[in-house]
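Trainee: Please show me how to read the folds, helix packing and backbone of a two-chain model. I would like the general idea before each case.

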Amino acid sequence: MAGIYGHLVEVSLQRRDWILLALIVLLAGVGLWIDLASPAIAFWRAVPEGLPPEQARLIRSTTLRLGLDLQGGTQVILEAQVRPVSWSLSRWATPEGVAGFVREVYENAAAAGGETMEVARDIINDRVNGLGVTEAVVQVQGANRIIVELPGVPDPEQALATVQSTGFLEFVDTLGQDLPPGTVISTTYGLTAAEISAITWTQVYPTVVTGYELVSGQIGTRAKELTGEPMVLLGFNPEGTRKLAEWSRTHVGQPLAIVLDKKVISAPIVREAITDGAASISGGKMTWREAERIALLLRYGALPVPLTVVENRTVGPTLGQDSVNKSVVAGIIGLCTVLLFMTLYYRLPGVLAGLALCIYTVLIFALYKLIPVTLTLPGVAGLLLSIGMAVDANILIFERMKEELRAGKALRASIEAGFDRAWTSIWDSNLSTLLTCLILYLFGRSLGASMVKGFAITLAIGVAVSMFSAITVTRTFLRAVYGLLGPYLERHTRFLLGVALERP
Amino acid sequence: MLHLTRHRYLYFAISALVILPGLVAMVLSTVRYGTPVRLSIDFTSGSYVEVGLPRPVESEEVRAVFLAQGLDVASVQLTEGNRVAIVRTQVIDMATKGRLMEALRAAFGEVIERRFDVVGPSISQVVTRNAIYAVIAASLVILGFITFAFRKVPHPFRYGLCAIIAMVHDILVTVGLFSLAGLLWGWEADTLFLSALLTVIGFSVQDTIVVYDRIRENTPRMRGLRFEEIVDHSLTQTLHRSLTTQLNAMFVMVALLLFGGASIKQFILVMFIGLASGTYSSLFNAVPLLVVWENREIPRLFRRLMGRKA
């Protein structure tokens, strides 16, 4: 049947193939180096403290990342609580009622806004880092959720309490110094005079007023008259007004730092004495974005929206380690079985396909490290399954090759025809799997099911790399072997290919 | 050439025999639990607590500790020689969890926290909705893709639709058997089950496309032959590949089942059944259905049945 196609050009081993072979060997070598650069299965925490940043980054980028389900840890999904707005008619009777309605609607809009969630994410990130969790991941998901991943935290309850707590806001006298945003400082709040004088290792800055003395209803942003520049407005209660008036009278021209959880957010200069408790921050190169951010931080003292835990998953370290060990064993056994079967069933091409499969495995792990892909338990299963499936393209090709051989075609032409004819089915079928992966990925991302997402990514990488290994790598190997041992192959087709060539 | 499509109604009957118990299980499950398969907390909200205990325990002891904390216990499951307890209960906040762990330590000694999941109702609703969307989206994308990829053969839409029918077959087999396992052993569908199902869908279509590709290639070359014969040739030619590929996937999955961790056993088993069903449905449902359609057998069958009645 296949004899109808007799017009294939016979391809001899050309320079192009040698170059390709060299490139494949090089690629496999680089992949192997990346794989072995650091332990194949290492935990995030394996990066030792105190290394130079470049070196730490190198180690991290060559370390396989394990998901929380494999290394143990906690994943939490926090959701911004949006207060339902009351629509009752009685509210419209008084101006206060209307104002209250407008405010609630505004607050809900702000809570659902991207900017608010990003501010919340940054604050949580700071707090998590403050806990000493170095490789935590804090992400905004969708319109009103934040995912916090804390790998290997021994006490997730306490960590969560810290994440959710209200931050502490202070207005601090910088003693005339210029403190850039992000500086972590010590302040006098809550300390006795004796304690302050006992601190000699660092400067302690005097707290002027605290967030307790702010009136949240008076905080907002507005365009400055004439210039239209953004401006942050804030108001203090009588106690705060008194303290601020007293301090600002003698400190005109000096900065007053806004400090959240001991970290400087902004340090505006006092232009004039603030005696009526109503202050504004403007000037510099402040953008609307920054103004909004500062206003949000001031208004809520900390998290711009109340966040509640809607999902919490904790995996103890022993369970994860056990899963890793078992999956490694299962993977090696599975891979060996596939190699053995391919060798027995397809003979020489099977051996070459097995070699290509090894290169596939090497490349996959290198890619996981470089991208980087966080390997979850279903991800491991997807990876192992993709090893079984990676040979599918080879099987399609070899079956085709055998058909062409049985139809009486010459060996060299059969090899090329096998690859040519199998191509459309390989391409179409793999494309459909990639499309499914895409849907899985989008699905996983939309619900923060990092397990599902991880599985989709590993499967998609597997399909893509398998097309390279099963087609390009195997074909180059086969051509090289044919180029070197062609006549020998022709004589021993029954043993080496499993098909007896009928000699005329 | 093997006359594989000749026995097409036998293949359909075998499929029906496998699907039917699953359908019955799904009905029973709906009566008993309200859903065709038992759902895990991923879909229903609640807590999953898995703890390692220093000594073998009775499930009543564990239940008592939870009840003492004022928690409703849905189920207590003991594994690994009664040294590991899996408890399904209501949504627990962090403070309650702290108290619960203390109570467990007071009752049993050194308790190891292996897994602790809490899913709130707002999350589980989103998961359920998106799961349905994901399956529908996957079906539509695949239908469109096949219709496009086979635009050069006559009736490309048939190919797409028959592939989708085969896919629905695989979903029914997998979900049906899972439902049965839910009734017998309390298996619960979680997001992992969903990933397995979606993978099955992907590979089911992959298998179908390989055979379709051969029909597409053979159609212009075998112009004199009847469609049924072309299909038989194509099936025979791809049979080796289908079985060999299936065998390789089986090797890996069996290795995972035998040597892999306990937490993915269900996932692998679902995949195992699904992939086997996928290969079967590609060869013995999707492709013979093309022949049934081409020969217009359904209206004929329908007429014959009606005629007999009259």
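The dialogue below goes through the chains, their packed helices, their contact with each other and some single residues.

Mentor: This is a predicted model, in which local features need pLDDT of at least 70 and side-chain atom pairs count only at pLDDT 80 or more, while totals for chains, interfaces and linings use all residues. Residues are numbered from 1 along each chain as its sequence is written, and chains are lettered from A and ligands numbered from 1 in the order in which they are written.

Trainee: How many helices and strands are there in chain A and in chain B?

Mentor: Helices (H or I, at least four residues) and strands (E, at least two) are DSSP runs, numbered from the N terminus. Chain A has 14 helices and 15 strands. Chain B has 10 helices and 4 strands, in the order α-α-β-α-β-β-α-β-α-α-α-α-α-α.

Trainee: Is chain B compact or spread out?

Mentor: Use the radius of gyration, taken over C-alpha atoms, and set it against the globule rule, which is 2.2 Å times the number of residues to the power 0.38. For the 310 residues of chain B the rule gives 19 Å, and the radius of gyration is 24 Å, well over that, so chain B is more spread out than a compact globule. Along the principal axes, the C-alpha atoms of chain B fill a box of roughly 80 × 45 × 30 Å.

Trainee: What share of the residues in each chain is buried?

Mentor: A residue is buried if 20 or more other C-beta atoms lie within 10 Å of its own, exposed if 12 or fewer, and partly exposed in between; the C-beta atoms are placed from the backbone. Buried residues make up 46% of the 310 residues in chain B and 42% of the 504 residues in chain A.

Trainee: And what share of the contacts in chain B joins residues 24 or more positions apart?

Mentor: Two residues are in contact if their C-beta atoms, placed from the backbone, lie within 7 Å. Among contacts in chain B with a separation of 6 or more, 75% are between residues 24 or more positions apart. For chain A, 72% of the contacts between residues at least 6 apart in sequence join residues at least 24 apart.

Trainee: How do I read a pair of packed helices?

Mentor: Two packed helices are described by the angle between their axes and the distance between the axes. Axes are lines fitted to C-alpha atoms, for helices over the stretch in contact, and angles run from 0 to 180 degrees between N-to-C directions. Angles under 35 degrees count as roughly parallel, over 145 as roughly antiparallel, 65 to 115 as roughly perpendicular and the rest as oblique.

Trainee: At what angle do H10(A) and H11(A) cross?

Mentor: The axes of H10(A) and H11(A) cross at roughly 5° and come within 9 Å. These two helices, H10(A) and H11(A), are therefore roughly parallel to each other. Their contact has 18 nonpolar, 7 polar and no charged residues. In these classes Ala, Val, Leu, Ile, Met, Phe, Trp, Tyr, Cys and Pro count as nonpolar, Asp, Glu, Lys and Arg as charged, and the others, Gly among them, as polar.

Trainee: Which residues join H1(B) to H9(B)?

Mentor: Start with the geometry. Helix H1 (residues 8-33) and helix H9 (residues 265-294) of chain B have axes that come within 10 Å and cross at roughly 135°. H1(B) and H9(B) are therefore oblique to each other. The contact is made by Arg8(B), Tyr11(B) and Ser15(B) of H1(B) with Phe284(B), Asn285(B), Pro288(B), Val291(B) and Val292(B) of H9(B). By class this contact has 5 nonpolar, 2 polar and 1 charged residues.

Trainee: How many residues of each chain are in contact with the other?

Mentor: In chain A, 60 residues are in contact with 59 residues of chain B. Among the elements that give two or more residues to the chain A side are strand S2 (73-80), helix H10 (317-370) and helix H12 (411-447). That side has 34 nonpolar, 16 polar and 10 charged residues.

Trainee: What should I look for in the sign of phi?

Mentor: Most residues other than glycine have a negative phi, and most peptide bonds are trans. Arg347(A), which is not a glycine, has a positive phi of about 60°. Arg347(A) is found in helix H10 of chain A and counts as partly exposed, with 19 C-beta neighbours inside 10 Å. His155(B) also has a positive phi, near 55°. His155(B) lies in the loop between helix H5 (121-149) and H6 of chain B, and is partly exposed, with 13 other C-beta atoms within 10 Å.

Trainee: Is Asp392(A) buried or exposed?

Mentor: Asp392(A), in helix H11 of chain A, counts as buried, with 28 C-beta neighbours inside 10 Å.
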